[in-house]
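Work through the exercises below with the model open. Try each task before you read its solution.

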Amino acid sequence: QVQLVESGGGLVQPGGSLTLSCAASINIFRMYVTGWYRQAPGKQRELVATTAAGGIPNYAASVKGRFTISRDNAKKMVYLEMNDLKSEDTAVYYCYINYLGGVWGQGTQVTVSS
């Protein structure tokens, strides 16, 4: 059974930074597209960033230039470095891997507030 476990969420002031981490329990992690989505209260889940092994990362327009996605295939980890955080970035952030139709983590809360 494939599992994704996120960590690193929390409360941060506007303009601050956080880094999210996601650990995957899957063989051949490097073969799959992985990434981050988020869901704010009352809104649909939306793509934040995705990355394929050796591929060019893909970012939502709202985070481009502020967020950086990276992966460590040897450690089966994917990261999301978030800088210059804004209140509109407040959401539950979910790790995702494109395995057998998609597997999701349990989510980690990010709250941007002064």
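Three exercises follow, each with a worked solution.

This is a predicted model, in which local features need pLDDT of at least 70, side-chain atom pairs count only at pLDDT 80 or more, and totals for chains, interfaces and linings use all residues. Residues are numbered from 1 along each chain as its sequence is written, and side-chain values use heavy atoms, with hydrogens and water left out.

**Exercise 1.** Find the disulfide and describe its link.

Solution.
- Count: the structure holds one disulfide (a pair of cysteine sulfur atoms within 2.5 Å).
- Partners: C22 and C95, with sulfur atoms 2.1 Å apart.
- Position: C22 sits in strand 3 (residues 18–24) and C95 in strand 9 (residues 91–97), so the pair links distant parts of the chain, 73 residues apart; strands are DSSP runs of E, at least two residues, numbered from the N terminus.
- Handedness: the angle about the S-S bond is -85°, a left-handed link.
- Burial: C22 and C95 are both buried (under 20% relative accessible area, 1.4 Å probe, protein chains only).

**Exercise 2.** Is A74 buried or exposed?

Solution.
- Place: A74 lies in the loop between strand 7 (67–72) and strand 8 (77–82).
- Value: its relative accessible area is 75%.
- Verdict: exposed means over 50%, so A74 is exposed.
- Spacing: A74 and F29 are 45 residues apart in sequence, and their C-alpha atoms are 8.3 Å apart.

**Exercise 3.** Place S87 and find what its side chain contacts.

Solution.
- Place: S87 is in the loop between strand 8 and strand 9.
- Exposure: at 47% relative accessible area, S87 is partly exposed (between 20% and 50%).
- Contact: the side chains of S87 and E88 share a polar contact of 3.2 Å. Such a contact is a pair of N or O atoms within 3.5 Å; within protein, one must be able to donate a hydrogen and the other to accept it, and residues adjacent in sequence count only if both atoms are side-chain atoms.

Methods
Helix = DSSP H or I, 4+ residues; strand = E, 2+ residues; numbered from the N terminus.
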